[in-house]
Amino acid sequence: MPSTQPSAHESLVVNNPGSRLFWGKPTGGASEIRDTQVDSGLPKYYDAAVGIPSPVFETLARTARENHVFLSLGSIEKEGGTLYCTAILLDRDVTLLYKYRKLIPTAAERMIWGRGSGDGLIVADTAIGKVGGLICWENCPLLG
C-alpha cells in the first residue's frame, strides 16, 4: 500500500495570498474606516487577533505537522496592547522560520496596526529552497 505521507523531497507549501488569514480589517478597506466603526469594531477585532504563541497558533502548527506541509500565512497578531499585520512561515516540523511584521502600515491602517521593526524580514533557507515574502504595498518604494 503506498504511503499518503510525502517524502522528504515532496513538500507542499500552503500559502494564503491575502495579507490576513482570518480577520481582515474591522470594516473593509483602510480608507473606509470611520471613527465610529473603529470604536465599535476594534474590541472584537482585537479579541480575534492571534498571539504567537497561542492556542490558535498551536492549531496552525498542528495542521502543518499533521499534513507535512509548510504554511506561509498572513495574520493579525497581537502582542501586549498592539496589533500587527504579520506574515509567518512554519515548516513541516512546526518550526517557526520567520514572523515578519509589516514595517509601515499604510493610510488608515496606522490607526489599527503598530509598525514592525524589520527584524523578521528574512529569507529562510528550507528543505525546499529559499522562502520569503512581503506584506501588501511593501513592494513599493514609498514605505515612509
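The following paragraphs lead from the overall layout of the chain to one hairpin and then to the nonpolar cores. The structure is a predicted model.

The chain contains two helices and six strands. Read from the N terminus, its elements follow the order β-α-α-β-β-β-β-β. Of the 144 residues in the chain, 38% are buried. Among contacts with a separation of 6 or more, 59% link residues 24 or more positions apart. The exposed area of the chain amounts to about 8300 Å², and carbon and sulfur atoms supply 55% of this area.

Attention may now turn to strands β3 and β4. Strand β3 covers residues 82-90 and strand β4 covers residues 96-101; the two run antiparallel and are joined by five bridges. One of the residue pairings involves L89, whose bridge partner in β4 is Y98. Together β3 and β4 form a hairpin, with five residues between the strands. Within the turn, V94 has a positive phi of about 70°.

These strands also take part in the interior of the model. The largest nonpolar core comprises 16 residues, and those with the most contacts inside it are Y45, I76, L83, Y98, Y100 and W113. At least two residues of this core come from each of β3 and β4. Strand β3 gives the most to the core, namely four residues. Apart from this core lies another, of eleven residues, which include I52, F57, L60 and L73.

Finally, the surroundings of Y100 may be examined. Leaving aside residues up to four places away in sequence, Y100 touches C85, T86, A87, G120, L121, G133, L134, I135 and E138.

Terms used. Residues are numbered from 1 along each chain as its sequence is written. This is a predicted model: local features need pLDDT of at least 70, side-chain atom pairs count only at pLDDT 80 or more; totals for chains, interfaces and linings use all residues. Side-chain values use heavy atoms; hydrogens and water are left out. Two strands pair if DSSP finds at least two bridges between them. Buried means under 20% relative accessible area, exposed over 50%, partly exposed in between (1.4 Å probe, protein chains only). Contact means heavy atoms within 4.5 Å. Accessible areas come from the Shrake-Rupley method with a 1.4 Å probe; for residues, only the protein chains shown count as cover. A nonpolar core is a set of buried Ala, Val, Leu, Ile, Met, Phe, Trp, Tyr and Cys residues joined through side-chain atoms within 4.5 Å.
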